[in-house]
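Let's take a friendly walk through a protein model, looking at strands and charged side chains. Have the picture at hand as you read.

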Amino acid sequence: MKILVTGSQGFVGKNLVAELKNKGYNDIYEFSRESDRSLLEKYTQDCDFVFHLAGINRPKDESEFIEGNVGFTAELLELLKKSNNKAPVLITSSIQAEKDNPYGRSKKAGEDLLFDYYKETNVKVFIYRLPNIFGKWSKPNYNTVVATYCHNIARDMDIQINNPDAELTLCYIDDLIEEFFRALEETPTISGDYCAIPVIHNIKLGHLANVIRSFKESRGNLSIPNMEDSLTKKLYSTYLSFLPENKFLYDLKMNCDHRGSFTEFIRTPERGQVSVNVSKPGITKGNHWHHTKNEKFLVVCGEGLIRFRKLDSDEIIEYRVSGEKLQVVDIPTGYTHSIVNVGNCDLVTVMWVNECFDPEKPDTFFLEV
């Protein structure tokens, strides 16, 4: 199947082309602003489907709206008619098409061209009025406020919030591309005369800014965003794509002494805490027990001996663990426990505990195994 993608170098185009290739579509005609115009005639002669994503969002002059959003669309459709190509055409319009402004009028005119094309040729057309699309590869100060906020906050730059209560309608790029593939299979989501993206999100501008700020703060407080909320999950993925390339790395606070180190990695209010414990050869750590706090130990390097004793018993239970075979040891409540480095190198243990450490209520009581 030969697929023509106009605007292939834009935000949506890049994501679409990448996923087309992921799904095994190898005959992709990519046409962008930089392409030789003569290629458009060649591509329209034998393509089997058209994703018409090209358009003008922020021109230097308002006249470019008509040229980019109407003139180019008309040229594309004329070339398809010239070659008698019945390939379905998908076009991305905008929710702004409902508004009486230069951009909205140009998008509405582009839609009308598609409706007329369908009436004249009976070729299938899919018209999508897009809300604010966000995700990786979007451009700050161009595609969406999400991109601008992510870019600026990641770089300690100011952001502008004109009206914190302004309601935004957002769509994540992956949800959009998934819907595009339904259109490619000629099973789009229909809403009246238009096609629609079934997954959209609404959020107030001020809340959006606070959520993105929390992503930056999470490196310091070791928190993880609430991934149960699908919008937060998508925003976090988008934020990470805007990290400066020299700031992918960040430090953790290592609590070091002669025995080794203990470093908190992740803290969550509802899923507990993950830490990394390093013990020098011959060192014993632990010798304490908990009422409610429980843990999981995973030795990833070295050799360790984990020992348990129930408070009302003299019997000692032992588990020998090694980084050579990854095994998780549960640490039940009511058992005093310790971990001993019995190897010749550092013992590295990933430790999960069901609650974050609270110095006011540590629930940790010293008692030798």
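## An open sheet

This model is predicted. Start with one pair of residues: Glu303 has Ser322, in strand 17, as its bridge partner. Strand 16 and strand 17 are antiparallel neighbours, paired over six bridges.

These two belong to an open sheet of five strands, in the order 17-16-19-14-21, with antiparallel pairing. Strand 17 (317-322) and strand 21 (365-366) are the edge strands, each pairing on one side only.

## A buried arginine

Stay with strand 16 (residues 303-310), where you will find Arg309. Which side chain of opposite charge is nearest to Arg309? It is Asp314, 4.9 Å away, and the buried Arg309 has no salt bridge. A salt bridge here needs the nitrogen and the carboxyl oxygen within 4 Å.

What does the side chain of Arg309 have beside its polar atoms? One of them lies 2.9 Å from the backbone oxygen of Glu368, and the backbone oxygen of Ser313 is 3.2 Å from a polar atom of that side chain. Among the residues that Arg309 touches are Tyr335, Thr336 and Leu367.

## Salt bridges

Side chains of opposite charge can pair when their charged atoms come close. The model has 23 salt bridges. One of them joins Lys234 to Asp175, with the closest N and O atoms 2.6 Å apart. Lys234 sits in helix 8 (residues 230-241) and Asp175 in helix 6 (residues 173-184), so this pair ties together parts that are 59 residues apart in sequence. Both Lys234 and Asp175 are buried.

Helix 6 also holds Arg182 and Glu178, four residues apart, or about one turn of the helix. They form a salt bridge too, with the closest N and O atoms at 3.5 Å. Arg182 counts as partly exposed because its relative accessibility is 23%, and Glu178, at 46%, is also partly exposed. Back in the open sheet, Glu318 and Arg307 form a salt bridge at 3.3 Å between the closest N and O atoms. Glu318 is in strand 17 and Arg307 in strand 16, 11 residues apart.

## A strand covered on both faces

Now look at strand 3 (residues 49-52). Are its two faces buried or exposed? Both are covered: Phe49 and Phe51 on one side, and Val50 and His52 on the other, are all buried.

Strand 3 pairs in the parallel sense with strand 1 (residues 3-6) over four bridges, and Val5 stands opposite Phe51. Strand 3 also runs parallel to strand 4 (residues 89-94), joined by three bridges, with Val50 opposite Val89.

How values were computed:
Residues are numbered from 1 along each chain as its sequence is written. This is a predicted model: local features need pLDDT of at least 70, side-chain atom pairs count only at pLDDT 80 or more; totals for chains, interfaces and linings use all residues. Side-chain values use heavy atoms; hydrogens and water are left out. Buried means under 20% relative accessible area, exposed over 50%, partly exposed in between (1.4 Å probe, protein chains only). Lys and Arg count as positive and Asp and Glu as negative; His and the chain ends are not counted. A polar contact is a pair of N or O atoms within 3.5 Å; within protein, one must be able to donate a hydrogen and the other to accept it, and residues adjacent in sequence count only if both atoms are side-chain atoms. Contact means heavy atoms within 4.5 Å. Two strands pair if DSSP finds at least two bridges between them. Lists of a residue's contacts leave out its neighbours within four places in sequence.
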